[in-house]
Amino acid sequence: LQSCTSSSTRATPTPPPSSEGIRASGHIYDYNTGDGVEGATVFFLDPSITASEAADDNRVTQDEVFTYGVTDRDGYYALEDLLDVDMVYSVIVIADGYYAIIADYAIDTTGWPSEVTDVDGQMQPAD
């Protein structure tokens with residue numbers, strides 16, 4: 001996963017409006033082709049659990065998830081909820097035909113602005 005703050009003008013799904021928290025969106029794309037991955041689910045986990053712990057039973061449950069987003073046909077997503085500031089999130093990304101991304105302590109929002117922040121990822125196709 002990669003993250004950066006952005007004032008990009010590209011067309012991404014619009015996160016819900018709010019006065020507090022961090023609006024996050026991003027792009028999930030195929031490692032080999034660079035094409036967007038449609039239908040990938042991007043889970044930002046509750047800060048009390050790591051991605052490795054959540055994936056240990058081969059499923060992600062509602063009580064493990066802080067917020068999530070699903071990619072459109074071009075691989076872009078926006079999280080359903082705002083991220084809290086000064087928190088560290090683990091992330092899991094799941095898509096049909098790809099190896100899952102399981103990233104412990106991947107996103108640290110300490111010092112992030114409350115504007116839209118891009119969190120992108122590359123997925124490796126499963127053989």
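Buried here means under 20% relative accessible area and exposed means over 50%, with partly exposed in between. Keep that in mind for the close-ups below, which come from a predicted model.

**View 1. F66 and Y89, a tilted pair of rings.** F66 comes out at 26% relative accessibility, so this ring counts as partly exposed. Its partner Y89 sits at 0%, so Y89 counts as buried. The ring centres are 5.2 Å apart with 50 degrees between the planes, and that makes the pair tilted. F66 belongs to strand β4 and Y89 to strand β6 (residues 88–94), so the pair ties together parts that are 23 residues apart in sequence. Add F44 to F66 and Y89 and you have one aromatic cluster.

**View 2. F43 and Y68, another of the structure's 3 aromatic pairs.** A pair of aromatic rings is described by two things, the distance of the centres and the angle of the planes. For F43 and Y68 the centres are 6.5 Å apart and the planes meet at 40 degrees, so this pair is tilted. Here, too, distant parts of the chain are linked: F43 is in strand β3 (residues 41–45), Y68 is in strand β4 (residues 65–70), and 25 residues separate them. F43 is buried, with a relative accessible area of 15%, while Y68 is partly exposed at 37%.

**View 3. T67 and its surroundings in strand β4.** With a relative accessible area of 1%, T67 is buried. Its side chain reaches the backbone nitrogen of E80 at 3.5 Å. Leaving out residues up to four places away in sequence, T67 touches V42, F43 and F44, and also L79, E80, D81 and L83.

**View 4. Strand β6 and its two neighbours.** Most of β6 is covered, with 5 of its 7 residues buried. It pairs with β3 in the antiparallel sense over 4 bridges, and T41 has I94 of β6 as its bridge partner. β6 also pairs with β7, again antiparallel, this time over 5 bridges. Across that pairing, I92 stands opposite I102 in β7. The β6–β7 hairpin has 6 residues between its strands, and in it G97 takes a positive phi near 85 degrees.

**View 5. Y105, out on strand β7 (residues 101–108).** Is Y105 buried or exposed? At 58% relative accessibility, Y105 counts as exposed. Even so, Y105 has contacts with T50, V88, Y89 and S90, setting aside residues up to four places away in sequence. Y105 and M87 are 18 residues apart in sequence, and their C-alpha atoms are 9.7 Å apart in space.

**View 6. The nonpolar cores.** In soluble globular proteins, nonpolar side chains tend to be buried together. In this model the largest nonpolar core has 20 residues, and I28, F44, V93 and M123 touch the most other members. Which elements give two or more residues to this core? They are β2 (24–30), β3, β6, β7 and β8 (117–123). There is also a second, separate core of 8 residues, including I49, A54, A55 and V65.

Technical notes: Residues are numbered from 1 along each chain as its sequence is written. This is a predicted model: local features need pLDDT of at least 70, side-chain atom pairs count only at pLDDT 80 or more; totals for chains, interfaces and linings use all residues. Side-chain values use heavy atoms; hydrogens and water are left out. Rings of Phe, Tyr and Trp (its six-membered ring) pair if their centres lie within 6.5 Å; planes under 30 degrees apart count as stacked, over 60 as edge-to-face and the rest as tilted. Buried means under 20% relative accessible area, exposed over 50%, partly exposed in between (1.4 Å probe, protein chains only). Contact means heavy atoms within 4.5 Å. A nonpolar core is a set of buried Ala, Val, Leu, Ile, Met, Phe, Trp, Tyr and Cys residues joined through side-chain atoms within 4.5 Å. Two strands pair if DSSP finds at least two bridges between them. A polar contact is a pair of N or O atoms within 3.5 Å; within protein, one must be able to donate a hydrogen and the other to accept it, and residues adjacent in sequence count only if both atoms are side-chain atoms.
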